[in-house]
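Work through the exercises below with the sequence and the model side by side. Try each task before reading its solution.

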Amino acid sequence: MRRRLFLSASASVFLAGACSTDDPADQAEAGGPVTIVVNGLPPDTDPINRANFQKDVQAFQAKFPTITIDAREGMMDPQTFSAKLAGGQLEDVFYVYFTDPQALIRKRQVADISEHLGDVPAVKNIRPELMRIFSDDAGKVYGLPSQNYSMGLVYNRVLFQKAGLDPAEPPKTWAEVRAAAKKLAALGNGVTGYGDYSKSNTGGWHFTAETYSLGGDVAVQQGDAWTAAFNGPQGRQVLQQLRDLRWTDRSMGEKQLLEYSDLLRLMGGGKLGMYLGTGSDIVNIVNQFKGDFATFGLGPMPDGRATLGGGDGYLFKAGLSPAKIKAGLAWLNFKNLDPARITETARRASANKEPVGLPQPNLWVAGSAPDKALTAARKRFGNVPAENFAPFAATVEKIPLKLEPPLAQQIYAVLDVPMQKVLTDRNADVDQLLAAAEKQVNEILGAA
């Protein structure tokens, strides 16, 4: 899902001098024309969001007639990103996941935009933990976030009622998850109480989220080096509690080696009680598997010592002129951060029958003016039952957010294995699995 629900503060970003110059950048500094290349244009296969993007470009260029937006399709493609970076082919303002900015900042492959942030007044209201993702240790800023998410417990409210569980009070601890999963599985008729992933890197992704929830880490940094950190009490607890759910309680079903779409399909078909996910997962369940928003709820991350979070944003290519940086900031400000556009964006999403009212994305500091505007817009144009997501929303500010580890996909591929083993072999040796994975992950981190 690529819907945007955060918007941008518009301010004049160019000086109005009358000097004459042949250099386009200097002309832009004096109020002359400048063209910036940006990505993020949705493809033809996503006609609604593509049309929204193009309308935003037209509206922006009407507001800033000296700036031309050269929009390119695509987001962050891990297969081509490094080659584009090395070859100088990146767009002036380019999309990244939250996992990418720090490495690019350390390698000085992006532009420092700090001195121009006065042109983006909404920055002061963005959550500090999100701004840190795009900043270096000295506080210099190289980009801006555009959307965010954190994980919680997706659950089927209808099955909860049938099992005698309160849909308004989803489990808050892993012990409560286990107890609820037993009751859900006891419904029979093919219902799985709790589901989890173990294939195509999704197992390692969920192992990471579950380790974070217990206060553990997957990798820790010491100086410039990273080392594996999951071979300890929290990692063992993750695998042990899955083994208990799978083999002792028999509440995870017989079919394992599941990947992303499998749990969405089970949830959409009314055959799964709970699993870890995000609000956007519920959107995918509704859109792809004919689910109904009224059926599903979102609760907090069990135990809640931390939750895996992520999102995306935009960085500025190294070597950009001040004029292009200013133009890029004006675009991101208009497209993603302008509080004045919050109501219109929510109205437009509702008119397009896109979901309005989910608790995330939300970039804003709680209680800030943009946060209040977003809350009001979601209430006015909301088309999903917000009360179903209230348990998650009530804790989202209280549970610390932790990002994915470096080289996340390579690490996840390794961590798929212990997840697979513990869910398919009741006699799997947890300590042996963790030790083997630790060795492999340290080799990955050491080579990088």
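**Exercise 1: a strand and its sheet**

Find the bridge partner of V154 in β10, then place that strand in its sheet.

Solution. The partner of V154 in β10 is L298. V154 belongs with strand β5 (residues 152–156), which pairs with β10 in the antiparallel sense over 4 bridges. Two strands pair if DSSP finds at least two bridges between them. Strands are DSSP runs of E, at least two residues, and helices are runs of H or I, at least four; both are numbered from the N terminus.

Next, the whole sheet. It is open, has 4 strands in the order β6-β9-β5-β10, and its pairing is mixed. β6 (192–194) and β10 (296–299) are the edge strands, each pairing on one side only.

Last, the side chains. In a regular strand they alternate between the two faces of the sheet. From β10, F296 and L298 point one way, G297 and G299 the other, and all are buried (under 20% relative accessible area with a 1.4 Å probe, protein chains only; exposed is over 50%, partly exposed in between).

A note on the source: this is a predicted model, where local features need pLDDT of at least 70, side-chain atom pairs count only at pLDDT 80 or more, and totals for chains, interfaces and linings use all residues. Residues are numbered from 1 along each chain as its sequence is written, and side-chain values use heavy atoms, with hydrogens and water left out.

**Exercise 2: aromatic pairs**

How many aromatic pairs does a search of the whole structure find?

Solution. The search finds 14. Rings of Phe, Tyr and Trp (its six-membered ring) pair if their centres lie within 6.5 Å; planes under 30 degrees apart are stacked, over 60 edge-to-face, the rest tilted.

Take F60 and W331. Their pair is edge-to-face, at 5.4 Å centre to centre and 80° between the planes. F60 lies in helix α2 (residues 47–63) and W331 in helix α12 (residues 322–337), so the pair ties together parts 271 residues apart in sequence. F60 and W331 are buried.

Now W174 and Y194. Their ring centres are 6.0 Å apart and their planes at 90°, so this pair is edge-to-face. W174 lies in helix α7 (residues 174–185) and Y194 in strand β6, so the pair ties together parts 20 residues apart in sequence. W174 counts as buried at 6% relative accessibility. Y194 counts as buried at 0%.

**Exercise 3: a cluster**

Which residues form one aromatic cluster with F60 and W331?

Solution. F53, F64 and F334 join F60 and W331 in the cluster.
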